[in-house]
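Let's take a walk through a protein model together. Keep the structure open beside you and turn it as you read.

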Amino acid sequence: MELFSYMENYDYEQVVVCQDKLSGLKAIIAIHDTTLGPALGGTRMWMYETEADAFEDALRLAKGMTYKNAAAGLNLGGGKTVIIGDPRKDKNEEMFRAFGRYIQGLNGRYITAEDVGTTVQDMDTIYEETDYVTGISPAFGSSGNPSPVTAYGVYVGMKAAAKEAFGTDDLAGKTIAVQGVGNVAYNLCKHLHEEGASLIVTDINKDSVQRAVADFNAKAVDVNDIYSVDCDIFAPCALGAIINDHTIPQLKAKVIAGAANNQLKEERHGSLIHEMGIVYAPDYVINAGGVINVADELNGYNSERALKKVEGIYQNIEKVFDISKRDQIPTFKAADRMAEERIERMRRSRRQFLQNGQHILSRR
């Protein structure tokens, strides 16, 4: 990878490479854009095959957080960290303390959080060295487990998508196929069951499936059959890239709205389902409840205030549909445009402010 060319092409601001020989820390902090505010994005720990793969992942994820935070209406930019290592055996206190000192050295330009391969306990260790971390233990004033809040955001976003497809956001009597019944999806199923929806579920974890069957009277199907079931709404809540050439011909749902990240295998798949008339709620807009929740910690966490902000996902999904119709583009492109337009409005506002300030100074 030609790093500077990549950064210039996609307008990245900063990449910080961190190493600590004593602890074995090898970390890459990528800051994509801070137009709206400090960059917020989690720390991922993963065994990358090459250092180039780690750089590419950090950059890709940081850009994704810029769009996610902007679309969520947060006054935060996008950033991400990857730590190269096996999260099962390479962690130690010194590693995360050293990493916390690197974050502190950025003076608030980057705020981290939990991600794949890291835990609340890891964030607590980082907190020993810097205040620029969210998702710490509730004992320190944090929001705790984000899964219920993420699920609530997906639920309200699904209602907005249902209104677009069916003319009403009432989910009572609707059949909803949920792929994956982990922590987020279980809480989503709880909301859907309480509203009177019928659930069809699948998961590679049979215990999770049986729990949903017992608690929500859900119907269980094989993991390969979830795409073709008769349903009103398909909710991907497990793997990415599940909207693809193989699955699209099987879909009977009128709506796709779920918690999984990176649901479209390729952009053309988003265009294809749009042409088929399927209402798609873009993943990074509908699953933003978690980041909205941890962002509230920056103001001193208040659960009622955070949930009220998460309810705004309903309006954000509606805005995506409005832009899609306005510009005659698929909803996944409309989500990007919504985020880009918000960032550009702030850039213009700041330029105007600076120009006015220079004009005033020139008159003195």
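We will go from the sheet to the cores, and then to a helix and some loops.

Before we set off, keep in mind that this is a predicted model. A good place to begin is the sheet. Six strands build it, and it is an open sheet with parallel pairing. Reading across, you meet the strands in the order β9-β8-β7-β10-β11-β12. Which strands sit at the edges? They are β9 (219-220) and β12 (279-280), and each of these pairs on one side only. For a closer look at one pairing, find β10 (residues 233-236) and β11 (residues 255-256), which run in the parallel sense and are joined over two bridges. Phe 234 has Ile 256 in β11 as its bridge partner.

A helix lies against this sheet. Helix α6 (residues 183-195) packs on it and touches both β7 (175-179) and β8 (198-202). Compare directions here: that of α6 makes about 165° with that of β8.

Now look for the nonpolar residues. In soluble globular proteins, nonpolar side chains tend to be buried together. In this model, the largest nonpolar core has 65 residues. Those touching the most other members are Met 158, Ile 176, Val 178, Leu 192, Leu 199 and Val 201. Helix α5 (residues 147-166) contributes the most to this core, giving 10 residues. Try clicking on Ile 176: leaving aside residues up to four places away in sequence, its contacts include Met 158, Leu 192, Leu 199 and Ile 233. Another core, of 20 residues, lies apart from the largest one; among its members are Ile 29, Phe 99, Val 133 and Ile 136.

Next comes helix α2 (residues 51-71). Its 21 residues reach 31 Å from the first C-alpha to the last, close to the 30 Å expected at 1.5 Å a residue. Just after α2 comes Gly 73, with a positive phi of about 80°.

That angle leads us to the loops. Most residues other than glycine have a negative phi. Which way does phi go at Asn 217, positive or negative? It is positive, about 55°, although Asn 217 is not a glycine. You will find Asn 217 in the loop between α7 (206-216) and β9. Asn 217 is exposed, because its relative accessible area of 67% is over the 50% cut-off.

Asn 262 also has a positive phi, near 50°, and is a residue other than glycine. Look for Asn 262 in the loop between β11 and α8 (267-275). With a relative accessible area of 49%, Asn 262 is partly exposed.

Terms used
Residues are numbered from 1 along each chain as its sequence is written. This is a predicted model: local features need pLDDT of at least 70, side-chain atom pairs count only at pLDDT 80 or more; totals for chains, interfaces and linings use all residues. Side-chain values use heavy atoms; hydrogens and water are left out. Two strands pair if DSSP finds at least two bridges between them. Helices (H or I, at least four residues) and strands (E, at least two) are DSSP runs, numbered from the N terminus. Contact means heavy atoms within 4.5 Å. Axes are lines fitted to C-alpha atoms, for helices over the stretch in contact, and angles run from 0 to 180 degrees between N-to-C directions. A nonpolar core is a set of buried Ala, Val, Leu, Ile, Met, Phe, Trp, Tyr and Cys residues joined through side-chain atoms within 4.5 Å. Buried means under 20% relative accessible area, exposed over 50%, partly exposed in between (1.4 Å probe, protein chains only). The expected span of a helix is 1.5 Å times one less than its number of residues.
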